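New to this one? Here is a quick tour to read with the model open beside you.

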Amino acid sequence: MLGGISGLARLVGRGSRFRTGRGAGRFGNAGASGSQGGGDGKGYHSLFKSPNAGHLRIRKDGTVDCGGGKGALARFELIEVDQPVKAASGAAPRTLVLQIPHGVSAGQELRFRTPEGQEMRTHVPDPIPMDRRVSVQIPPAPAVDQKAGSAAVAGEFKFVCFRSVGNRNNFLQMIQGGQLGGKGVAMASEAIFRIRRGVGPTRIFHPATGLFIQISGRQRLSGVTSQSAATVFNHTLCNHQGMKNFHTAVAKRVLARPLIEAKLSRHELLHFRDHGYVVAKDAVATDLVHDALLEINTALGRGELFANVPGAGGVGNKIVADGTLISQGDGKFSPQTRGSAAILNLFLKSKVWALVESLVGEGAIPPPMHSQIALRFPNKNAKEHLPPRQWHLDGEMNPQFSVLVGICLSPWQVPFCGQFTVFPGQHHRMHADCKKLGIANFVAAYRAEKPALDVKPEQIMAQPGDVVLAHPMLPHRGGVNTSCNIRYAVFFRPRRKTGGRASNEDPLFFEYDGIRALDG
């Protein structure tokens with residue numbers, strides 16, 4: 001039986017909802033609109049005014065007080081989550097049997113959920129059992145939260161994380177000793193609070209510690225066990241410019257920005273500039289990878305990939321021969337699968353979106369609506385050779401996208417396992433040739449006979465959850481797969497909303513704010 005498991009709480013989800021516990025939470029502020037007493041105040045920020053002081057706020061240094069006005073530091077975006085669960089006192093641990101997903105290797109971290117929805121982790125044993133099953137211990141069955149009471153179950157209360165509008169990396173949290181802090185982590189138990197639904201009077205309760213928030217002194221906050229001693233805050237809503245109704249504008253802003261903060265380092269930006277690509281490690285959570293693999297393998301199981309391949313009972317799609325390499329999977333999955341929540345969440349609910357924007361520009365990348373599911377099947381007859389003329393550009397005529405985003409879903413840890421393969425630094429050559437020849441002549445010449453590139457192709461080594469960001473003018477190719485496993489990857493091709501390259505003759509990094517900001 002495996003040990004070393006521990007409870008986790010992270011942002012994960014399907015579609016436009018974030019999953020935690022047994023259900024899902026909504027991003028945005030859920031509050032009743034004035035006298036209507038129902039519905040959500042979507043598109044608004046929340047303010048919590050104390051009776052004898054100012055508004056609850058997270059200051060720039062991460063401290064918390066009630067000295068705020070109605071500025072950004074006192075405004076919160078509420079992320080609604082499910083009711084936290086607690087273990088019953090004296091209950092014995094339980095055993096859960098897990099099925100190890102295909103594509104997961106020995107020693108890898110495996111994340112799973114208890115029957116109550118609590119997310120946990122363990123590691124895949126080495127060797128992996130023949131039936132790919134493993135038993136793990138999980139906490140005892142939860143007890144009912146008596147303080148939450150039947151009113152919470154009936155919907156009078158809701159559980160939320162307070163995200164600061166002025167400090168977007170900061171969440172309100174209850175820290176040791178019953179003190180309030182402003183540097184919490186989303187969905188962690190320290191950052192989950194209970195408030196009354198709708199606007200109006202509410203106490204703020206912290207389920208993990210059983211403490212209510214109280215103002216002690218004029219502005220100082222602390223936790224108390226007595227509900228009667230708790231401060232009653234007045235919860236109100238405001239839009240992001242104060243008086244005007246920006247329902248639609250704010251809704252679009254919420255949908256069009258990353259949830260999880262992440263940035264490429266200076267070293268990574270320099271690598272992208274010089275080599276034309278960069279690999280960002282651990283950009284996608286394991287459970288999001290598992291959800292995507294489940295979606296893809298379910299589609300494979302119902303024969304979706306081969307439904308229109310000649311010889312498989314249909315017409316339309318072809319299996320493309322790349323020398324001795326067979327390329328399958330490009331565009332052969334249905335639009336429903338390629339645009340499913342499980343696939344799009346690889347981009348939307350991970351660090352990927354923010355990483356792309358740190359390269360291209362903050363707020364510049366719209367959410368994707370579709371993807372490319374790219375599988376490389378094993379070919380026992382393939383030669384372990386990468387000819388210097390076998391490469392391609394995805395947007396050779398004119399820019400169709402701003403950056404090629406490839407998410408690794410299976411281990412790419414040995415050569416010739418089908419991994420994405422690039423020709424480092426050759427984006428500079430492609431751009432120079434395009435400017436010299438002109439677009440039409442450049443395309444005609446390269447389609448007639450591709451030149452042999454004088455650099456060694458690099459087979460990207462990556463683990464599931466890593467992401468490859470590549471310049472559209474970087475020559476690349478699908479990898480040779482002589483292994484016994486299918487290579488899994490999903491590609492996105494986001495394009496900058498405005499200010500992008502109109503032609504491949506434009507400066508190579510014209511639309512990359514992150515690259516242009518480098519001083520070296």
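**Sheets, helices and rings**

Let's start with one strand pair: strand 28 (residues 404-408) and strand 31 (residues 467-470) run antiparallel to each other, joined over four bridges. Keep in mind that this is a predicted model. From that pair we can work outwards to the rest of the sheet, then move on to a second sheet and some aromatic rings.

**The five-stranded sheet**

- Within the pair just described, Val405 stands opposite Leu469 of strand 31.
- Helix 3 (residues 266-275) packs on the sheet and touches strand 24 and strand 31. The direction of helix 3 makes about 145° with that of strand 24.
- Helix 6 (residues 341-348) packs on the sheet too, touching strand 27, strand 28 and strand 33 (487-492). Here the angle between the helix direction and that of strand 33 is about 70°.
- Zooming out, the sheet is open and has five strands in the order 24-31-28-33-27, with antiparallel pairing.
- At the edges you'll find strand 24 (277-280) and strand 27 (372-376), each of which pairs on one side only.
- On average, neighbouring strands of this sheet are turned by 20° against each other, ignoring direction.

**The three-stranded sheet**

- Another open sheet has three strands, ordered 30-29-32, and its pairing is antiparallel.
- Its edge strands are strand 30 (458-459) and strand 32 (476-477), and each pairs on one side only.
- Strand 29 (residues 421-422) pairs with strand 30 in the antiparallel sense over two bridges.
- If you want a spot to click on, Thr421 has Gln459 in strand 30 as its bridge partner.

**Aromatic pairs and a cluster**

- How many aromatic pairs does the structure hold? The count is ten.
- One of them joins Phe205 and Phe212 in a tilted arrangement, 4.7 Å centre to centre and with 45° between the planes. Both Phe205 and Phe212 are buried.
- Phe509 and Tyr512 make an edge-to-face pair, with centres 5.9 Å apart and 70° between the planes.
- Phe509 counts as buried because its relative accessibility is 14%, and the cut-off for buried is under 20%.
- Tyr512 counts as buried because its relative accessibility is 0%.
- Phe48, Phe76, Phe162 and Phe193 come together as one aromatic cluster.

**Charges over rings**

- Lys450 has its charged end over the ring of Trp391, 5.7 Å from the ring's centre.
- Arg493 lies over the face of Phe401, at 5.9 Å from the ring centre.

Terms used
Residues numbered from 1 in each chain as written. Predicted model: local features only at pLDDT ≥ 70, side-chain atom pairs only at ≥ 80, totals over all residues. Heavy atoms only, no water. Pairing = 2+ DSSP bridges. Axes fitted to C-alpha atoms, helices over the stretch in contact; angles between N-to-C directions. Contact = heavy atoms within 4.5 Å. Phe/Tyr/Trp six-rings, centres within 6.5 Å; stacked < 30°, edge-to-face > 60°. Buried < 20%, exposed > 50% of the residue type's maximum accessible area, 1.4 Å probe, protein only. Lys NZ or Arg CZ within 6 Å of the ring centre and 35° of its normal.
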